[in-house]
Structure formats: C-alpha cells, structure tokens
Amino acid sequence: MDVITYIDSIGRTCFGELIEKKESNIRVQSPAMIMVTPNDAANMKVDVMPLFFTEFSSGKPPIFNYTNNQYTEVEVTISPKILEHYTTKINVVPEPNPEPPVEVL
C-alpha cells in the first residue's frame, strides 16, 4: 500500500492509500484523519477516524480527489502501529441485520 500523509484545506492531518498522483491533483482511497486528544495529564490518545464511512455507501472504498490547492503533503512515514489501527478501522465488514423474530400466537 502506497500511503500519503497530508494536511487538508481545513487543517486536518490525514493519510490514506495513494491511488494516483498527477501534476494537478491526487486521488486518495479511504482517507482518514489522525486525532490526538489528552488522555490524562501525562499522556495523549491517538485515534484514526475515516473521513467517510464505507457503510454509508455501496460498500466500495471511497476515493477522494484533491486538487493541488486543497492539500499539503507531509513527508513522514506513518508508524506501523497507526497503519495497523487504520487497516482495522477501514476494512470493517458490516454485520448483517438479522430479521426480527416472528411472534407465534
């Protein structure tokens, strides 16, 4: 997987699978943002939040198209631990909705 890390036009730190990079734009599959929040006085909690949930669509991974003025690439290697967390969150298989039980009178 070719991962790109970037800051989007509203200031979120994001990353995802780079599908295509052209002179005028990039296409990123299943982008997610990195969220850092205080856990307690001495620690920070890092989480990965998809920018779009596949469960809200046909089940195919979303592809975001960013023009060059909508992102700034960050030259960094995302840690394997964060990538593992990303893969787990992005590749969620939705559970089927069971049929409600039929009442027998």
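**Exercise 1. Is Y6 buried or exposed, judged by its relative accessible area?**

*Background.* This is a predicted model: local features need pLDDT of at least 70, side-chain atom pairs count only at pLDDT 80 or more, and totals for chains, interfaces and linings use all residues. Residues are numbered from 1 along each chain as its sequence is written, and side-chain values use heavy atoms, with hydrogens and water left out.

*Solution.*
- Step 1. Take the cut-offs: buried means under 20% relative accessible area, exposed over 50%, partly exposed in between (1.4 Å probe, protein chains only).
- Step 2. Read the value. Y6 has a relative accessible area of 0%, so Y6 is buried.
- Step 3. Place the residue. Y6 sits in strand β1. Helices (H or I, at least four residues) and strands (E, at least two) are DSSP runs, numbered from the N terminus.

**Exercise 2. Find what Y6 touches.**

*Solution.*
- Step 1. Use the contact rule: heavy atoms within 4.5 Å.
- Step 2. Skip neighbours within four places in sequence. The contacts of Y6 then include F15, V28, L51, Y66 and Y71.
- Step 3. Look for a polar contact (a pair of N or O atoms within 3.5 Å; within protein, one must be able to donate a hydrogen and the other to accept it, and residues adjacent in sequence count only if both atoms are side-chain atoms). The side chains of Y6 and Y66 make one, at 2.9 Å.
- Step 4. Compare sequence with space. Y6 and T72 lie 66 residues apart in sequence, yet 5.4 Å apart C-alpha to C-alpha.

**Exercise 3. Classify two aromatic pairs.**

*Solution.*
- Step 1. Rings of Phe, Tyr and Trp (its six-membered ring) pair if their centres lie within 6.5 Å; planes under 30 degrees apart count as stacked, over 60 as edge-to-face and the rest as tilted. The count is 7 aromatic pairs.
- Step 2. Take Y6 and Y71. Their ring centres are 6.3 Å apart and their planes at 85°, so this pair is edge-to-face. It joins strand β1 (residues 3-8) to strand β6 (residues 71-73), across 65 residues.
- Step 3. Take F15 and Y86. Their ring centres are 4.9 Å apart and their planes at 50°, so this pair is tilted. F15 lies in strand β2 (residues 13-21) and Y86 in helix α1 (residues 80-90), 71 residues apart.
- Step 4. Look for a cluster. Ring pairs link Y6, F64, Y66 and Y71.

**Exercise 4. Find the two sides of α1.**

*Solution.*
- Step 1. List the buried residues of α1: I82, Y86 and I90.
- Step 2. Down the axis, they fall within an arc of 60°, so they line one face of the helix. The arc is that of the directions from the helix axis to the C-beta atoms.
- Step 3. Turn to the face away from the buried side. It carries the exposed residues P80, K81, E84 and T88.
- Step 4. Name the cover. It includes β2, β3 (25-40) and β4 (43-50).
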